[in-house]
Amino acid sequence: MTAVDPLHLFGSLVGSAAWPALRLVLHLAFFLAACVVLWRAWAWLRLTEPRSAVGAGGWFPWPLLVLAAAFLAVLGYQASWQLTGLFRPRFVAFMQSHDRREFNPAHRILRGRILDRRGRVLAQSREIEGRVRRVYPFGPAFAHTVGYSDPRFGAIGAEAAANAQLNGATPQTLASWGELGRQLLTKTKQPRGQDLTLTLDSDLQLLALQQLGERRGAVVLLRPQDGAVLVLATSPAFDPNRLGPELFRGPAPGTPLLNRATQGLYPPGSVFKIVMAAQAIEAGFSGTLHCPAGGFTTSRRYPPIRDHDYYSAQKAGRAWAGFGNLDLTTAFAESSNVFFAQLGVRYGRDAFARTGERFAFDRQVRLYPGTDRYGSLSTGRLPRLAASDQYGLAQASIGQGRVLASPTHLATIAAAVANRGLAMRPRLLVQEPAAPLGQYMTAPTAARLAGMMRKVVTQGTGRGINDAGLAIAGKTGTAENPRGAAHSWFIGFAPAADPKLAVAVLVEHGGFGSSVAAPIARDLLVKALELGAGP
Amino acid sequence: MSAASADTGFAAAWLRRRAERELLLGCLGCMALGFVLILGADAASGRQLGALDLLPLALYALALAGVHLSLVAAGFRGDQVLTATVAFLSGFGLLAQYRMGDFHNGPGALTLGLVPAGFLVMTVGALAFANGRYRVLARGLWVWAGLSLVLVVVLLLTGQRFRGAVYALGFTTPTEVLKVTIPLALAAYLERQGQALARWHPRLPLPPWRALWPLLAFFAVLIGLLALQRDLGMMLILGLAGLVVLASGTGRIGYLVYGLLAGAGLGALLLTVFEHGQRRLDAWLDPFQDPTGEGWQILQGLSGMYAGGLWGEGFGIGSPEYTPIAAADFIYSVIGEELGFLGCVVLVLFFLILLSRGIALAGPGRPLFGRLLAAGLTTVLAVQTLLNIGGVTKSIPLTGTTLPFISHGGASLLTAFAASGLLLAISDGAPGRPAKPPRGRAAGGPPADLKPRKVRRKAVPREPAAASDI
């Protein structure tokens, strides 16, 4: 090869700075040449006809029309992927997680921000070294609700539920449609998505997490009137800024991926007595039940169900005489197991099952649009009791045995009491309209129950949080569980006379609900009303 | 050939085939630009270029020159746009295959000779059967029919299964030949039996059974064998070609209606029998159900095209290696990725021109056998193209057919060239016609003779006026 080898020259040209521009010119020239050939072919086509096509004048080539229509249809459908693929959220998600082409615009979509109700940024996209990365300023605090969007691990939470909007594919105003068209035509390198506002309140969420501290548990705070969720805290959590494969490898210690607030199922313990009290009120229960210190059982073969007072007296070395005859209100305020176990057995398993259905147990309720399991709420599980299993029914009636519920669902129950019996579907997106979840009880029942719950705080097991500043109504719970110390529960609402907020607090293995969960709920409610979180 | 007349001398033929020359040169220029783009991308990625890298382009140029010169030398009068369209499509295919690294094995690569061989097949076919000689092929009715069946049987007995279909040794697909032999057999049969087949029951919508049964029996056996082979794409292509030839040979749309109904029924039946087809159907309806399994190929193809956008980044810049079997069935998605939507539109327009020539040949004013053969071959090409493009773009379920002239694959490429050779031969016209074309309407007439259509339109109203004068 000589020194003026054209290939060598070409090689050095490719290496030079002019190549990108030249490449563009060549690319355009290729198209131009193809179009010129097309145009000339078309011209010759009109001038020449295949020889001997004599008398073809009357023959209309309708097969050509059919073919052209078929090709046009295919091209049109192709365009719906190739040019407007942004409108197919699952397609964009596929590309973001599975397409390795560097120049795929799906990787450069500047997703919209996710904001809390005060406009604080919970998630945003930043360009770092040519690639767009998702940044979560609060780290683990909102990990479960906001979720994450990662090319390797996919998307969950609000990131998954509002994927299309965040990617900019569902413009809501005429101007944003115009912007999308411009991005399409100019083949912009950075399509920009739209922001998403959540109902969460970052101040309250951080407060709830701070109160939980190192303990495992969940806190839910929502507005009874419209179901807007202000706090959906769960602990422990993971950091969405630093996802790694080890997070997804089998059940990690502490299971940080589990959204305890919406998917965690726990024995509700005494807070379930709200459900049983509602059942009793609607069945017209009045009068008293005898609640001796010896407890209650359905058969001698089973140990009797006793009250907490019996055990605490025993621990102190004292004798306890028992409650004697209790009416519903006092039994509720004192959280008498013996009373509610008898009550459940008295009305039977069919009534129990009907009540459970009415309170929306055994259901998946969606929290965001979309149907994946990260975006939904497990309400809980009620046992299917055999007719002979009276003891099981007695256990279930005090929220033990095989009864399970999620913290968010228990919050909707407290909210239903506060909202005259009507439970609103918990929702996280501001743009979503409020929707009812179910009429858990009648309005008079709710009113009576609300009074009973207020009494729990003023005179019953919740006395410890009876703050003069704020009238809280609620119910404590201490749920026995096979894995250690009892779970600590508190669910309630405030202010009692004109409820604006409903709350559910769970602390795993926290001990007495009155001493662990209830103070967290009180602090949160006080702070929330201070911040004017009500409707 | 007919060198006796001065009008058909080399100089006249040279002048007459100006259109072809111009278009072929255009194709060559376009492909040269494409080659420079690909070589540039290769060099930019660090590959050392050698003189041998220009070999495919040089061979392509030589082949085009060879085709043109032999057609001119033979005084060929057939279609000129058709050759140019074939040249463009195969050149485009060459670029795509080159881009996929098909020729990087060096000058000994067998694939290097494929496109020139294809042009040779086309030219030889066109010249051998020109001037009406293609009608000899009608005599071979039983040869074509028998050959087709034997091919499928032999393939079934000796082939090996791969990805659900049967391939011959070395992964060639000899059944591709069926795309020519079946239209030949169909046209030959319809030329003989067309009259009888057109005589339907006077009152009931029933076709004549006696004339129809040999055709039905043959197709039943053929479709059955192809079903055993699970070649759904070939069944569709040949079945539709059969129906179109039948309908155009008899002028009875009823055949088309019955045939499509029967085909729909058969398709539904086959889908319930073969889970292979059912899985493809599921992957088509919802590829996101199993995105990393059944939906992987189609979704990777589509995301490649999405990455290409409106006009792509240029030949050689994409990453088609992420799409499985991109060089064969999914070459269209590579074109969509590197040349964008506009590249696809250009490609489709060239296909449409090719098909429009075929349809024009199937129009009136030609011997019946030629028209039917043109109809059959054109239908095969059209259905094959639509099946491939439709499958890759998720418009229809994937059938695993190749894109004519573009996809990698020797048998498929040569068959497409052979079919275009036959189309060219048909366009040359019937024997016994005067060597000099009738005025004003010659296919390959010299440029001076080329008249726009309005001349003819003007002539039409004049005739009745003249008649009333008399």
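These are my notebook entries on two interfaces and two annotated spans in a predicted model.

**Ground rules.** I'm working from a predicted model, where local features need pLDDT of at least 70, side-chain atom pairs count only at pLDDT 80 or more, and totals for chains, interfaces and linings use all residues. Residues are numbered from 1 along each chain as its sequence is written, chains are lettered from A and ligands numbered from 1 in the order written, and side-chain values use heavy atoms, with hydrogens and water left out.

**Chain B against chain A.** I started with the contact (heavy atoms within 4.5 Å), and found 101 residues of chain B and 62 residues of chain A in it. The buried area (accessible area, 1.4 Å probe, that two parts lose on being put together, summed over both) comes to about 7800 Å², with 73% on carbon and sulfur atoms.

Next I checked for salt bridges (side-chain nitrogen of Lys or Arg within 4 Å of a carboxyl oxygen of Asp or Glu) and got 2 across this interface. One of them pairs A:Arg40 with B:Glu22, closest N and O atoms 2.5 Å apart.

I then asked which elements of chain B give two or more residues to its side of the interface. Helices here are DSSP runs of H or I, at least four residues, and strands are runs of E, at least two, numbered from the N terminus. The list includes H2 (18-44), H4 (81-99) and H13 (331-361) of chain B, and H13(B) gives the largest share, 23 residues. I split that side of chain B into 57 nonpolar, 27 polar and 17 charged residues. Nonpolar means Ala, Val, Leu, Ile, Met, Phe, Trp, Tyr, Cys and Pro; charged means Asp, Glu, Lys and Arg; the others, Gly among them, are polar.

**Annotated spans in chain A.** The unreviewed UniProt entry marks 21-42 and 62-81 of chain A as "transmembrane region"; such annotations may be inferred rather than shown by experiment. In the model, 21-42 is 100% helix, with its end C-alpha atoms 31 Å apart. Residues 62-81 are also 100% helix, with 29 Å between the end C-alpha atoms.

**Domains of chain A.** An automatic or database assignment sets the bounds: domain 1 is 89-197 and domain 2 is 202-531. I get 37 Å between their centres, taken over C-alpha atoms. In contact are 28 residues of domain 1 and 31 of domain 2, burying about 2500 Å², 62% of it from carbon and sulfur atoms. I count 1 salt bridge between these domains. A:Asp203 and A:Arg120 form a salt bridge, closest N and O atoms 2.7 Å apart.
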